[in-house]
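Trainee: Could you take me through one part of this structure in detail? I'd like to look closely at the place where the ligand sits.

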Amino acid sequence: MKTKINKLLTKGKAIFLAYDQGIEHGPTDFNDRNVDPSYIIDIAQKGKFNAVVFQKGLAEKYKSEIKKSKVPLIIKLNGKTNLYDGEPISKQNCSVKYAKELGAIGVGYTIYIGSKYGNDMLAEFGKIVEEAHRTGLVVIAWVYPRGKAIEKRKKEELMAYAARVGLEEGADIIKIQYYGTKKDLAWAIKSAGKSKVIISGGSKKDEKIFLKEVKDIMSAGAIGLAIGRNVWQHEKPLEISKKIKGIIWK
Ligand code: FBP
């Protein structure tokens, strides 16, 4: 089944603006400006992001703003709060069908490989891939190694495992976190085969350090980033977006 992956990419590359931190971390990530989803849609539009990533509630309540902005929408189909310290599990909270009705051209889902519940998430995600691909939606897997079983494992090695899981499960794009060296990342990207790899931004870093990281990420073969806090927590989000995009589309 052909997906509309090209609608989410520009010359094969992409920058997505991630804004699901409200559920994942709570409003502690936000200030007076960026607590407002309209502010995020505005950044995505003016910064010409390839898509914005929302949970279904924001996609519903800000439907008219999203439509007006013309920014493509990716809806996360699962999520969890951090008000719980057990083995990580993120369950589906939105159907593929509903995401499509809300205007999404892609859906996202987080899998915590290494968790006691990792295989349950793989099974749930497997069904999502089939349904989404049947209706032409692009599927993006956030694959994060987490949980007790992997505490002693090397994060840089698990990065390749995460990427491979995304490929084997049928994700079109795999979002992983960058650990280790450029060589480790290049191996992870190779392990992802024909699936594309994007990297998550993480908590806000010093700008110089962050931009150097983006350079390494791109030269290792990633197609771009799905980034949140390093953009919308920045004093000048459009300026930093421009710098990041200058590296992605160099
Ligand atoms: P950031 O660039 O802000 O890190 O966003 C990327 C992301 O994957 C979000 O989609 C998600 O909400 C968050 O990171 C998950 O954070 P955590 O690493 O704490 O689970």
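Mentor: Sure, let's go through the ligand's surroundings, and then take a quick look at a cavity. Keep in mind that this is a predicted model. Start with the space itself: the ligand takes up the largest pocket, which holds about 410 Å³ of space. There are 24 residues lining that pocket, and the closest to its centre are Tyr-144, Arg-146, Gln-177, Ser-200 and Arg-229. If you sort the pocket lining by class, you get nine charged, eight polar and seven nonpolar residues.

Now shift your view from the pocket to the ligand. It is surrounded by 16 residues, and the closest of them are Asp-20, His-25, Tyr-144, Gly-228 and Arg-229. So far as class goes, this shell has seven polar, five charged and four nonpolar residues. Did you spot two familiar names? Tyr-144 and Arg-229 are among the residues closest to the pocket centre, and both turn up again among those closest to the ligand.

Next, zoom in on single atoms. Arg-229 has a polar side-chain atom 2.7 Å from an oxygen atom of the ligand. Lys-175 also places a polar side-chain atom by a ligand oxygen, here at 2.9 Å, and for Gln-21 the distance from such an atom to an oxygen of the ligand is 2.9 Å. As for how covered the ligand is, on its own it would expose 470 Å², and the protein buries 90% of that.

Finally, the cavity. The structure has one cavity of 30 Å³ or more, and about 40 Å³ of space lies in the largest cavity. Its lining is made up of Val-143, Tyr-144, Pro-145, Met-159, Ala-162, Ile-176, Gln-177 and Tyr-179. By class, that lining has seven nonpolar residues, one polar and no charged ones. Look for Tyr-144 and Gln-177 here: both line this cavity, and both are also among the residues closest to the centre of the largest pocket.

Definitions and conventions
Residues are numbered from 1 along each chain as its sequence is written. This is a predicted model: local features need pLDDT of at least 70, side-chain atom pairs count only at pLDDT 80 or more; totals for chains, interfaces and linings use all residues. Side-chain values use heavy atoms; hydrogens and water are left out. On a 1 Å grid over the protein atoms alone, a cavity is a set of points where a 1.4 Å probe fits but cannot get out, and a pocket is an open set with protein on both sides within 12 Å along at least five of seven lines; lining residues have an atom within 4 Å of a point. Grid points are joined across faces, edges and corners, and a volume is the space filled by probe spheres set on the points. Ala, Val, Leu, Ile, Met, Phe, Trp, Tyr, Cys and Pro count as nonpolar, Asp, Glu, Lys and Arg as charged, and the others, Gly among them, as polar. A residue is near a molecule or strand if one of its heavy atoms lies within 4 Å of it. A polar contact is a pair of N or O atoms within 3.5 Å; within protein, one must be able to donate a hydrogen and the other to accept it, and residues adjacent in sequence count only if both atoms are side-chain atoms. Accessible areas come from the Shrake-Rupley method with a 1.4 Å probe; for residues, only the protein chains shown count as cover. A molecule sits in a cavity or pocket if more than half of its atoms lie within 2 Å of its grid points.
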